[in-house]
Amino acid sequence: MDDLPLDGAVALITGASSGIGAATARRLAREGAAVALVARRRNRLDQVACDIAKLGGEAVALEADITEPERADDMVQETLDRFGRLDILVNNAGIMLLNSALHTSIEEWDRMISLNVAALLHVTHAAIPHLIYAASTSPRQVADLVNVSSTAGRVARPGSSVYGLTKFGLNAFTESLRQELLSERVRVSVVEPGTVDTELVNHLSDTTRDAARQQIDGIEALRPEDIADAISYIITRDRRVAVNEMLVRAGGQTW
Amino acid sequence: MSNTLDGRVVLVTGASSGIGEATALALSAEGARVAVGARRADRLESLARKAPGEVLALDLDVTDQESVRAAVAATVERFGALDILVNSAGVMLAGPIAGADTAEWTRMIETNLLGSMYTVHAALPHLLERKGTVLQISSTSGRTASAGNGVYAATKFGVTAFSEALRQEVTAQGVRVVVIEPGFVATELADHITDPTMQAAAKNIGTSMRTLQPEDIADAVVYAVTQPEHVAVNEILIRPTDQTR
């Protein structure tokens, strides 16, 4: 395994129990990284970790609800305890509760802010010093922070007011961090997927879910692996090359 | 290695140097049949010799609609179709707005903005037939304007707006639109700047950081155009790791 591009690197991936997170974990492990998998669902995490181990990769499952601030910090520490370093952070955990401002509950808004924004900030804040250290000591001579945003971070639409708020905010946070950390050789990037076939829509109410499914009816959605491929492309570039942003929609997706 | 673009037909504008040349070579290496257009035809002959696959060299001035139509027609006549259009032709004549030689503005707008629109217009019927791809080489200046770069940025913002409208128009018909926004790349782009201050500033940037190489952008182009049909990479913003703006 010495010739793999991420050999010796350690990656922490949030929301790694399914969808884009799980696909990214598998992919980065295949590229040689040791991966720390963070999510709430223990059995699903174990399954992903087990898949990775079967393919000869190295993974640890870390069960946590990162909306609890101290648990978010713990995840970075547990990754360091287990693997000794942190080269790559993929902030993937997110929830999309589409609803109109009139009919939503404030609790739905709070949940999105809590996971898509607050939890992401806690994990990132804890990780930054370790990413800087990794960039200055690793053979790659670079570290990577990749945020998974959304087309909803580029275009606002009815029903996605607060989801869009979290993703527009994430894009701004990403760009600011990019400028702050580039002199430390930490690359900060954002990926904006369109419609991906994941569990993201499962959390919607029956009517919004039906509406969302109707909209994507007739187009072939992206697969989580397609976004994992984009993330892998970003992370495996030569250290002089920073792919700052990738907007990737499903082929037939007009919106 | 499998040639993922086997048999596909590509037209690359601005192919005599820099990103256009590197892209033409990379797509040729992926198995595409490549038509390359530029005003400096002698440079295209050497590109054609270097390329591993079949190359058609074309005299092309993108500011001349007749020349654009002729290049598209010659490509289709030679290769039987057109699958991918890469708009790489561009000039950056940076300088402050006050006291500018407006002939330079006209040249940038005609080459970067109108030129890329003309090629899309001429190529689109063929791209629709093949569910093809339009790939625009824009710039970080298409995302952020800065002092001394007003008109160049205006042309690149314009390319982005045109591309997004085009994307919405042709997506349902299976045509994908990709905008690549490179930061500082080691090419001849800055050599044509006439303003001495801006020329010096560009040279300074070139030596103060590890710039991108044309091959880095060609690699991003290859990534975008070799995706399976259900994946549309609409935008890639790519800077040298050391570049702030």
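Trainee: Before we start, when do two strands pair?

Mentor: Two strands count as paired if DSSP finds at least two bridges between them. Keep in mind that we're looking at a predicted model here.

Trainee: Okay, so which strand of chain B is joined to strand 7 of chain A?

Mentor: That's strand 7 of chain B, residues 231-240. The two strands run antiparallel, with 9 bridges joining them.

Trainee: Can you give me one spot to look at? What is the bridge partner of A:Arg249?

Mentor: Go to B:Ala232, in strand 7 of chain B.

Trainee: Now the whole interface. How many residues are in contact?

Mentor: On chain A there are 33, and they touch 31 residues of chain B. In chain A, the residues that lose the most area to chain B are A:Tyr233, A:Arg240 and A:Thr254, together 23% of what that side buries.

Trainee: And how much area is buried between the chains?

Mentor: About 2,800 Å², and carbon and sulfur atoms give 45% of that.

Trainee: What about polar stuff? How many residue pairs are in polar contact across the interface?

Mentor: The rule finds 25 such pairs between chain A and chain B, counting those with both residues at pLDDT 80 or more.

Trainee: Which elements of chain A give two or more residues to that side?

Mentor: Helix 5 (161-181), helix 7 (224-235) and strand 7 (241-250). Strand 7 gives the most, with 10 residues.

Trainee: And how do the residues on that side divide up?

Mentor: You get 13 nonpolar, 6 polar and 14 charged on the side of chain A that touches chain B.

Trainee: Charged ones, nice. How many salt bridges cross the interface?

Mentor: There are 5 between chain A and chain B. One pair to find is B:Asp216 with A:Arg240, whose side chains meet at 2.8 Å, N to O. Side chains of opposite charge can pair when their charged atoms come close.

Trainee: How many salt bridges are there over all chains?

Mentor: A search of the whole structure finds 31. Among them is A:Asp51 with A:Arg26, at 2.9 Å, N to O.

Trainee: What does that pair tie together?

Mentor: A:Asp51 lies in helix 2 (residues 42-54) of chain A and A:Arg26 in helix 1 (residues 19-30), so the pair links parts that are 25 residues apart in sequence.

Trainee: Switching topic: which feature does UniProt list for residues 9-197 of chain A?

Mentor: The unreviewed UniProt entry gives "domain: Ketoreductase" there. That stretch of chain A is 49% helix and 19% strand, and its end C-alpha atoms are 29 Å apart.

Trainee: And where does UniProt place that feature on chain B?

Mentor: At residues 8-188, again from an unreviewed entry. Those residues of chain B are 48% helix and 18% strand.

Key: Residues numbered from 1 in each chain as written. Chains lettered and ligands numbered in written order. Predicted model: local features only at pLDDT ≥ 70, side-chain atom pairs only at ≥ 80, totals over all residues. Heavy atoms only, no water. Contact = heavy atoms within 4.5 Å. Buried area = accessible area lost by both parts, 1.4 Å probe. Salt bridge = Lys/Arg side-chain N within 4 Å of Asp/Glu carboxyl O. Polar contact = N/O pair within 3.5 Å; in protein donor to acceptor, adjacent residues only side chain to side chain. Helix = DSSP H or I, 4+ residues; strand = E, 2+ residues; numbered from the N terminus. Nonpolar A, V, L, I, M, F, W, Y, C, P; charged D, E, K, R; others polar. UniProt positions renumbered as here; feature names shortened; annotations may be inferred.
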